[in-house]
Structure formats: C-alpha cells, structure tokens
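Okay, thanks for coming, everyone. Let me put the model up, and then I'll walk you through a few things in it.

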Amino acid sequence: KVTIKGIERELICPACKELFTHPLILPCQHNVCHKCVKEILFTFEDSFADAGSESSNQSSPRIKISSPSTDRIDRISRSGRKRNSLTPRSSLFPCPGCQRDIDLGERGINGLFRNFTLETIVERYRQAARAAIAIMCNFCKPPPQESTKSCMDCSASYCNECFKIHHPWGTLKAQHEYVGPTTNFRPKILMCPEHEMERVNMYCEICRRPVCHLCKLGGCHANHRVTTMSTAYKTLKEKLSKDIDYLISKESQVKAHITQLDLLLKETEVRLERAKEEASQSFEKLSHVLEERKSAALRAIEASKNLRLEKLQTQAEEYQGLLENNGLVGYAQEVLKETDPSCFVQTAKQLHVRIQKATESLKSFRPAAETTFEDFVVDIAKQEEILGDLSFHSSGLEIPEINEKQSKMYNKALISWECPGKTDTADIYVLEYHKLNREEETTTWQEVEVCSKSKIISDLDDDSSYAFRVRGYKGSICSPWSREVVLRTPPAPVFSFLFDDKCGYNSEHLLLNPGRTSVESRAGFPLLLGSDRMQVGCYTTLDYIIGDTGIAKGKHFWAFRVEAYSYLVKVGVVSSNKIQKLFHNTHDVTSPRYEQDSGHDSGSEDAFFDSSQPFTLVTLGMKKFFIPMTPAAPKDPASRILPLPLCLGICLDCDKGKLGFYDAGCMKCLYECNVDCSGVMYPAFALMGGAAVHLEEAVTVKYGEYHDDI
C-alpha cells in the first residue's frame, strides 16, 4: 500500500510550487496547472512584445511565479474574447519542468489534455491531509449533514437521505456511478480536445497522446502510427508494472544509495565549512596586506604633514620677526641706537645681510611647503579591477573562445563563442566589451549576461573598434577570460534595400530569389548567340540590376557576397538621372582592344572607357578585386589586383561625394574614389556569364538571439 504522504513531491506544480489544480499534460509529458499555463503564456507574450525585433537570443525565459494571477485570468475571460483568443500568438511554451521551449501547436492551450489521473491522486492526498474535515452534503437544508457518497454523473455529494431523494429507484439517475465522498469530479469519457464531440479511442505512438478517429483520418496524426486504446492501456500498464516491480525488487540497492547519499550530505557539510574557512583565510590575508599598506600610507602622510607644518611654522615665525618692535626688525632698531662706529659696523654688517634676505623674500613671497597632498593619492584602478574579477577559478571549467568567423559586425554586433572541448560546462556566460579609445586612460568594460553562446549588441558607434571577451560561470565558479578579440564596426549606418525587379530588370538573363536578396546570371543561349554574331573582338553584354531604394544625402554602408565561381561582376552606384543610360548601354566592352576599326593595339581605350562611364563601378571576378585604372592607381597591373574578400562592403558619402569599397570582414578600405552625387544614388550591380551576388542580411533575432533576450 502506497503511503499517500510519501508522494507529495510528485504532486507539486513546477511553476507555482503548490499542489496541482486541473493539471494539463504538455507535449514533453510534464504537468502544469491550467492557470499556471495561461499565466506563463501571457507573461511570455508580453515579454516578446516588449523585446520586439530588438531582442537579441538570450535562452528562453524561465518564468517562475509564486502563484498564478487569478484576477488577470478572470479579467481576460470576462473581456468577451472568444475561446481561441485566450491562446497567445506565440505557440512556444517555456516548460518549467524540463527548461525547454515546447511547441503547443496551432490550438495552444486548447489542444492539451487534462490529467485526470493525477488530479484524482492529488484529491486523495488532500483528503488524507484534511481527514478530520468532512465533506458536507450539497442538498441538505441547514444545517447540512455529512455526505456519505458522491455522484460522478451529477458532480455532487449527498448524505444517504438526499441520495435516495435525488436518485429514486427505477429511474435513470439510479444508474449513476457513485463513489465515496470527494470534491474531485472527472468526466466518465475522455473527449478529444481537437474534435470536442468525439471521444478518444486510439493512442498515437509518435506523439504519445490519445487521439480520436477524426485525428487519424484527416488530422495532424493521419500519417502517424496509432494503436487501439485498449492495446495501449494493456501495453503501458504492463510496462509500468514491470518497471515498478523492478524498482521494488531493488529496494535494498535503493536503501544503500540513500545511505551513501546521507554520508555524502554530511561530508558536503564538513567540506563546506572547510571551504568557507579557507575562503575566509584568503580574504583575511588580503585584508592584512591592505591594512599594512594602509598603515604605511598613513604613516607617510603623517610624516609629510609634520615636516610641512614645521617648515610653515618656521616661515611664519620669520615673517613675524619682520614686524615693528618684533624679532629681526626690533633687533635692528636697537642696533641703530649704537653710537660707537666700530661697534656698530661690527654688528650691522651681518644684520644688514639678514635684512636684505628678508626684503627679497618679502618681494617674492612663496610658502615653504605645499598644502596639497597630491603625491599621496593612491591609484587603485588596476587593483580594483583585479579584485572585481576575484572569484573561484576552476580548472574543470573550459575557457570559451570567441569565434571570429561566426561573429559579425553589421547593423548590430553578433558575437559568437564556443568551448574548445565542444561541451557546454557553464550555466551562464558573461560577455564584456569596450570601445578602443586612445584618449581614455582607463578602460571601462560593459558587461552583459548570456544564457546561450551568442549575443547581439546594439547601439555601437560607427567606424569604431571594440574589444570583446567572454568567460563562463557555473554557480560561483568561473573560467578565466577568453582571448580578447577586436572587431570594427562599419564606417557608416547600414543601408537596407532589395534588388529592384521592375526598373530595367532582365528576367531572361537574371534570376532573383523570392526575397529579392540574391541575384544570379544565367549563362545560357542568349550569351552564346550574342558572341556568335561577333566574329572579331570581345563585345559582350552586361546585365544590370539596381537597388529598390535610393540615397539622397548622408553617409551609408551596405555589404554583399559574390560567389566564388562568378566570372565577372561589377558593383558600385548609379545616379537617378543616369539610369536610362545604364540600361540602354547594350554593348558594354570588357576589353576594347583589337577593335575592328582601331587597327592597332593600344591601352588608351581603357582610360577613355573608364572616364566615359555614366556610373561608378568596380570589377570583380575569378576571386579577384580589380582596382580601376586612374592617374593615382599603381602603374603595375599586378598591384591593382587584390584577393576578393568573402564579404565586400560599399560606403557612399553623398555629402562629401566619396565612394569607398571595403573588406566587410575587417572593415578595411580597399579603394576610394570621387563620385558625382547630384541626383538620387542607387546601388548598382552588373553580371555576366555565371555569377551570383547575395545581399548581406541584417543582424536580427533570427541569428539565435530570440531565446536570450525575451
């Protein structure tokens, strides 16, 4: 026989820490009170609304509530919403039992089963806890009598007399099911929450939940493996009984483990006191060192004070002697009364020297000692930082490393890290960062706690370098700081746009993805036919595409990636008053040498070609970046060819008329030129042959920040 009070731990809701009330079974098989589920979901939705797109992938919140807000649930229920409106927009539920985000599906709370078995056990526990409190009859006239039975069909309790009156012999009510006095009334038939008029008669082995025949025929369980309810009942009961019998047979082993755990508890207490004593001794040593340094500093200040006071006192006495009838002046006045020349000269010579010194000091008065003690200011900035990092270091906690390839600086900073051993031994991470500024003497780190291995940081200054470091914490134990990584922000605010699929877009040669963030050129028959018509020369056609948003003023930056297989890509900007020339310039020359009419090979056409273009573009291709031929460019062709960065950035400064091309990985400027910004400027791209360009995605919550910041 099971002692009902011995299973109290299994009857506590993990959210409110109280006995279950109408528990619901989550898809992860944990149980939570119905009201707790509602409260957590609404809190979760509010957090999501407050965080918005700025939330940056902290793990999902582990919401702990002391008790569900009954008033709030009732207030929402009375507001006239339909049943489905009680389910928030978010179908994710942070389970307080397993600490994971559980998908509740489209129906949300309405799709969860009520755990009547657990509810019955909780009611038996409550009855055992209040055995002295009787359940009274619901139908007796005052004073009510103690009930003797409860009707499960009527959901009411009766004394013997009232039960006979309300369940007369020979009627349908006489066939109602009755049990001993209880306050827990459960339905006789379990109905499907998806199809409320259907009873569950099957068990889905994939989802591990009861279903009805409509769920199997056309619902979400159509392709799942199901079994009959009786078979599932028999199978699960046999498995559960077998497992319980096994545990009971291992009772001696369990008791041995309990004894061992009791010893470990006592040993933990002993070692706890020892650890506290060692920690106390360590801090006492530090305190002793500080006290010694404090005493030495105070002694030095006191000695300096005495010396300065002595000097100032002496100087004050000397000046006191300069007053009439006092000190030196009074003595000199007495010497002047001497009438004997030889005696006067003998005394007055030395006295005159002293009077002259006093006169000079009076003209240029200067205190004999300083009153400030600036030399005795203790600089504790470095020591304060070290003491701030004072914690329990453990060799078992791995030092995280910031992954520079996965980290990204764009519209926001995405910082990712990992542990060398690929094991997540830390419970939480602390990420620190600061702006590198040569003018500041002291470094002030900004700190943020993260539950995952990545963090999005907003509000960083443009065109600035930041240092980042991270450490892991497991309880009060922390790892050493990781190696500092320096990343640079873009030179200007990030400009967002998509490829324009209307203005000049050639759908025969170019292929856009549905989101208009990638474009690919089709090197097909049109290019071959165009080349076939040209017997001499290398005339080919570039297919142009521009951004759907223009820039009229200010400084802006955007980035993109060029596929490594791309043969020829041109990137830059074009003015609104020159777009027509861009798309009507059908014969773009990639190399005008050996032209039919030129008759000679000359490089002069290159310069003429570059200067005559109605737009500013640079050439990319074959994993190379080609610096345009300009008077300021190097004469050696090899020095004008650079490796193509994985991600290329463009910075347009309309106010200064400057266009810069950057390695977006390290924000290093590769090439800068002047550009005419008289009109609205649009990002421009040109592709030929097999080539593809992908616009860089902005750093948003999709980068894994969602579960951290909400």
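So, on the surface, Phe283, Leu286, Leu387 and Leu390 make a nonpolar patch of about 370 Å². For a patch like that, nonpolar side chains are joined within 5 Å, using residues with over 30% relative accessible area and no salt bridge (a Lys or Arg side-chain nitrogen within 4 Å of an Asp or Glu carboxyl oxygen). Areas are Shrake-Rupley, with a 1.4 Å probe.

Keep in mind that this is a predicted model, where local features need pLDDT of at least 70, side-chain atom pairs need 80 or more, and totals for chains, interfaces and linings use all residues. Numbering runs from 1 along each chain as its sequence is written, and side-chain values use heavy atoms, without hydrogens or water.

Phe283 sits in helix H7, residues 251-320. An unreviewed UniProt entry lists 258-292 as a "coiled-coil region", an annotation that may be inferred rather than shown by experiment. In the model, that span is 100% helix, with its end C-alpha atoms 50 Å apart.

Zooming out, the chain has 14 helices and 36 strands, taken as DSSP runs of at least four and at least two residues. Of its 710 residues, 35% are buried, meaning under 20% relative accessible area.

And what about the inside? The largest nonpolar core has 47 residues, and Trp558, Phe560, Val571, Leu620, Leu652 and Phe685 touch the most other members. A core here means buried nonpolar residues, that is Ala, Val, Leu, Ile, Met, Phe, Trp, Tyr and Cys, joined through side-chain atoms within 4.5 Å. Strand E26, residues 555-562, gives this core its largest share, five residues.

Terms used:
Patch = residues over 30% accessible without salt bridge, like charges linked within 9 Å, V, L, I, M, F, W, Y side chains within 5 Å. Buried < 20%, exposed > 50% of the residue type's maximum accessible area, 1.4 Å probe, protein only.
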